[in-house]
Each structure stands twice: as C-alpha cells, then as structure tokens.
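Got the model open in your viewer? Keep the selection box handy and follow along, one stop at a time.

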Amino acid sequence: MAISSSCPTVKAVNSRWTSPSPSPVSKFAVFRRPSLLPELRYTPNVRLTATNALRTAEQATLAEEDHKFSTAGSDEDDSALLPKPRILVAEKLGEAGVNLLREFGDVDCSYDLSPEDLKKKVAESDALIVRSGTKVTREVFEAAKGRLKVVGRAGVGIDNVDLQAATEYGCLVVNAPTANTVAAAEHGIALLAGMARNIAQADASIKAGKWERSKYVGVSLVGKTLAVMGFGKVGTEVARRAKGLGMNVISHDPYAPADRARALGVELVSFDKAIATADFISLHMPLTPATKKVFNDETFSKMKKGVRLVNVARGGVIDEDALVRALDAGIVAQAALDVFCVEPPSKDSKLIQHENVTVTPHLGASTKEAQEGVAIEIAEAVSGALRGELSATAVNAPMVSPEVLSELAPYIVLAEKLGRLAVQLVSGGKGVQSIKVVYRSARDRDDLDTRLLRAMITKGIIEPISDSFVNLVNADFIAKQKGLRISEERMVVDSSPEYPVDSIQVQISNVESSFAGAVSDGGAISIEGKVKYGVPHLTCVGSFGVDVSLEGNLILCRQVDQPGMIGQVGNILGEQNVNVSFMSVGRTVVRKQAIMAIGVDEEPDKKTLERIGGVSAVEEFVFLKL
C-alpha cells in the first residue's frame, strides 16, 4: 500500500490549443501531393506508413524532378503511362460509385465469391470494397501479400473486417458512415408516426376482411415529449423532424454540443430524466459494452406508464425479454423496431408476434438515394486512400515504427485509461466539451510528438459510449465531430529525459461529477497518472495524491480520515471473494478527508458496493471500469 500527499505543482513553460482543422488530414498534406509517383502509390512492395511516409515522399519528389528533366519538352501525357490501381468490388455497389471508381482505376465487379476465390483475387488487387456479406479475414490479408492497400466497407459497421490483421499488413480500412443519415432518420419518424396511428395493425386487419375503426384509435404527436437517446447525426435529424411535427424534444447524449441542441430547441437532460418524462423514446445510440441491454427491467420500471418506444439504432441496446414484460405490463404501450439482437429474428419470437409491436427488417438505410450515397462515399474514400490521402473515415490506425511504439507503449495504455476514467467520472445532462491535457516531461518540445497520446486520450473518452473507432488518423476529426475541444499544455519537470513523459493529467471542465473528490480546486474533474516500472499508475484524483496500478477495475472512496477504514472496506471485499490488487490512500490534511483508491480484479456486485457506501465514514464512492 502506498500513501502519498497532494499532487505536485510545476511551472508551465509553453502551451498550445489543439483545435481540429476543417480538414482532418491537413497536417498530413504530404500524403496528398498529386506529384507522388505511381511507384509509391501502386507498387505492391511499397507500403506508405506513418513513419516512412515523409521519407518516401521526398524520394518520390526527387525522382519526379529527374523524370521531368529527362522528358522536358515532350507533349506526351505522363499520366497515360501510369499503371492504374486494380479495385475489386466483391458485393453489389450503386452504379454511381462504380462509375467513380472506373474513372480512377481498373474495376473488377465479382460478386458471390467463395473464400478461396476472394483470396486469389485480392492477391492481384490494390483495393477491395465489400458490404456486410463478405468476410475479410486475416487469411485474406495474408493472401494479398502486402499488395492490398485499402479495404472499403460500403456502410457503417466493420464487424466483417479483421481490423487487427489489416493494421498489421499496412492496409487502411475505411467506411461510409454519413450517407444513410437522412434515410435512417426518416425511417425512425415513419415508425414513430405509424406506431402512434396503428398503421401496420390496421392494414393487416382490413386485408383480413375486418373493419375495426374503434380498435385502432391512435394518439396524437403534437405536444407530446420525445426523448432522443443519442444526439449524433441520425438523432439530430430525428429531433429536427419531430420538432416540425409539434413535439417537445429532449435528448440524452454525453457528447452532444449544447449550442447545437439549443439551436434546434432541444433540451439536454440526464438519462434518468429523459426516460422518466418522455411520452415517446427514440433510440439512436451505438451498441457498446456500456449500452448493451441498457433498456432492461430496471430501466423500463422508471418510465412513464404508456410510453412508446422506437429503435432504428442497434438491437442489442434493448433486453428483448424485458421489453416483452414491459409491454405485457402496460409500461410500454407500443414499440416499433427495425433492429434486433439476432437478425433475422426467430419466427416464433414473442416480441415479434406481440400485437403492440411494429417491426421492419432493418430498413433504416434502405432507400435508393441512401444506397447511391453510400456507393459514392465509399468510392471517394477508397480512391482517396489509393492516392495516399489519409481518410477521415479510416477506422484503423496507420503503421508506426517498432522503435516509437516500444518507447511509447506504456504511455499509450496510460493515456487511454486516463481518458476512460475521466469520462466515467462525468454525470448530468451537460455534455463533455472542454478537455485539457497536461504533459509533464524533461524533454524538449521537439523531442515529444503528443499526437498519438492525444489520440489515445480521445479514444478513451469517446469509445466507451460511442460506436466511433478512434486512432491517430481520425482522432482530431472525431473529437471535432463530437464537439470536443482539446487543449494541450507542456510542463518541464526535473526528471530523466530518458523517459518521454513523466506524467499525464486529464482535466474535464464545465461538467458535473459523479465523484466530488475528483473535482480540483479549479472546478474541473482532474486525474493524473504515471508509468512506473512499465505499468500505468493513477497518481492523482482531484487534489488527492494516490498510487494505484491501472489494472483490472477501480473503486474510489472519499472518506473521513480515521483509523480502520482500509480494514473495513477490505473485509467487505474479501467476504465477497473480490481480490484486491492495489490499495492507496491520499489525503490533504491529517484526520480530515482522504481518498482511498482500490484496484480490484473482479467487478463487485451491487450489494457489495452498497455495503461499502454504507460504511459510516465513507462520504461517497464510485466504481470504475478500466
């Protein structure tokens, strides 16, 4: 056990504000130079990575100058001599997208390929475009032998692409996340209105030869409160349309920019307030560990009786058995579902067959316009990647040299875990917007590139409750998209320059905290960490110094500083067979207040945590997943 005092203070010597530029890849302009030679772009043996790009580009520029000199005065179009990239389209793509690809490369549209045929073709291809039906496995990347430079997924999800293998083989993976936004929003509104007026049930009734006007009396949308759960692209568009229908719209989203919500007349509220006050609830949240089955028996019990539910997001956010129980109990009057935990769902599903449920077969993006838009978006992303551009829709990280990775590896882990901890300490309906990162280091500014560390902090903050994939390529772009403003400050400390970073501090301002002890004197949530013996450690929480390894999970307790506290809490955990890996106590004044940080291997159950909270000297506590 380590007991430490409050966090040290040092003098700031330089700082800068990181505001993502309008173009998320402008800092990598060397990748986009139209002068790069085709040998760089398309030769299978040359792979453009984060570490060799500049050097390779410089070599290509010199070679180009020689080429220009040797062909000076020639009227021959150099581009006509360049080999075109070969693009394999393995699933049906909109004609507009195929035509764009044909302007840039040689396109091979081969559908319904067997795994063996796919492997044969990728060995001769520079790019591969798929939808959801083709599995791009490690074996596919191995068969490509380094020639495959980009995989394009025509849609949002990339579950069918092995991202780890793609990164290892230097292959960029891009998707098309925006083209179907309006289509999904329109389908959500269609389900909302259709459910309110019993359109599907009335249609089936009249086709069965019945005339049941009194049975299918609906409810009006005007004046009703709609809770939009997730205020991203689709949620925003749903809110916009619902306002046009005369509905009062509220929303819960920890990243929603307050100014954007205000502009639409939407109030941002907490999760519990949203579900407790809404007449209609429309789901637009991603499926993550934090949102899986978030709509369950406990959640439904907090809702207004007679609420109506729409889901065009992800099936897994709803516990389908719990929804059936809520429907039977009258808590949920009706549900309209486009997505399911298992697709297609079983024919005898109680949920599907429920008389108060309207269902569609995952039609959110199924409009002609959306399909064409996806085709164009993925064609532009793939052709841009083949030109050497860093795509804003990239979902895997660029290659980094083993030397840089080796030195930064523990700090990369530290940065992501600090981001994960910080966002879990945020509560309330006000979204995360302002983040400050302070790096303490003995190195000169030019000896430490913080882009990767900043990207990992962004990853830790965004990914736990988002479907975004954050990496060095797209971190600034996604941060801007989520309304996050990230400032960075460098502080010089008297430590060994052998190590790139002495400590990293993450501050989140202008938010409420679920753990008051994490709030610094300046009013911001503040946590700090270091790498010790190659392992990330948490060293500061608010104004309290602690020392706990960031492994497993973490319990933070703010308590009265008195003897016996470690034993009481330790006994409670021991009785429930919860193994304690680290325990550290930090305090500002003896016998006043202290924070106890406890690393645990397992996740304690609810009753165990309640017992810890019931200890008389414990003023507050929080359980955090790492």
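**Stop one: the sheet**

Start by selecting A127 and V150: V150, in β6, is the bridge partner of A127. Keep in mind as you click around that this is a predicted model.

Now widen the selection to residues 127-130 and 150-153. These are strands β5 and β6, and they pair in the parallel sense over 4 bridges. On to β7: select V151 and V173, since V173 is the bridge partner of V151 in that strand. β6 and β7 also run parallel, paired over 4 bridges.

Zoom out to see how this fits together. The open sheet has 5 strands, ordered β4-β3-β5-β6-β7, with parallel pairing. At the edges sit β4 (106-109) and β7 (172-175), each paired on one side only. Ignoring direction, neighbouring strands are turned by 20° against each other on average.

**Stop two: around β6**

Go back to β6 and show its side chains. Are its faces covered or not? Both are covered: V150 and G152 are buried on one side, V151 and R153 on the other.

Next, trace the chain into this strand. From β5 the path goes through helix α5 (residues 138-144) to β6, in a right-handed β-α-β crossover. Carry on from β6 through helix α6 (residues 163-168) to β7, and you've followed another right-handed β-α-β crossover.

For a helix lying across the sheet, select 368-386. That's α15, which lies across β3, β5, β6 and β7 and runs at about 170° to β6.

**Stop three: the nonpolar cores**

Leave the sheet and select I435, I504 and L538. Of the 53 residues in the largest nonpolar core, these touch the most other members. Then highlight helix α16 (residues 402-424), which supplies the largest share of this core, 9 residues.

Why does this core lie between two domains? Colour domain 3 (400-549) and domain 4 (551-625) separately: both give residues to the core, so it lies between them.

Now centre on L538 and list its contacts. Leaving out residues up to four places away in sequence, L538 touches L418, L421, I527, E528, G529, V546, D547, V548, L550 and L554.

One last selection: A274, A278, L309 and L351. They are among the 31 residues of another core, which lies apart from the largest one. As background for both stops in this section, nonpolar side chains in soluble globular proteins tend to be buried together.

Terms used. Residues numbered from 1 in each chain as written. Predicted model: local features only at pLDDT ≥ 70, side-chain atom pairs only at ≥ 80, totals over all residues. Heavy atoms only, no water. Core = buried A, V, L, I, M, F, W, Y, C linked by side-chain atoms within 4.5 Å. Buried < 20%, exposed > 50% of the residue type's maximum accessible area, 1.4 Å probe, protein only. Helix = DSSP H or I, 4+ residues; strand = E, 2+ residues; numbered from the N terminus. Domains from an automatic or database assignment. Contact = heavy atoms within 4.5 Å. Pairing = 2+ DSSP bridges. Axes fitted to C-alpha atoms, helices over the stretch in contact; angles between N-to-C directions. Right-handed = clockwise from strand over helix to strand, strands pointing away.
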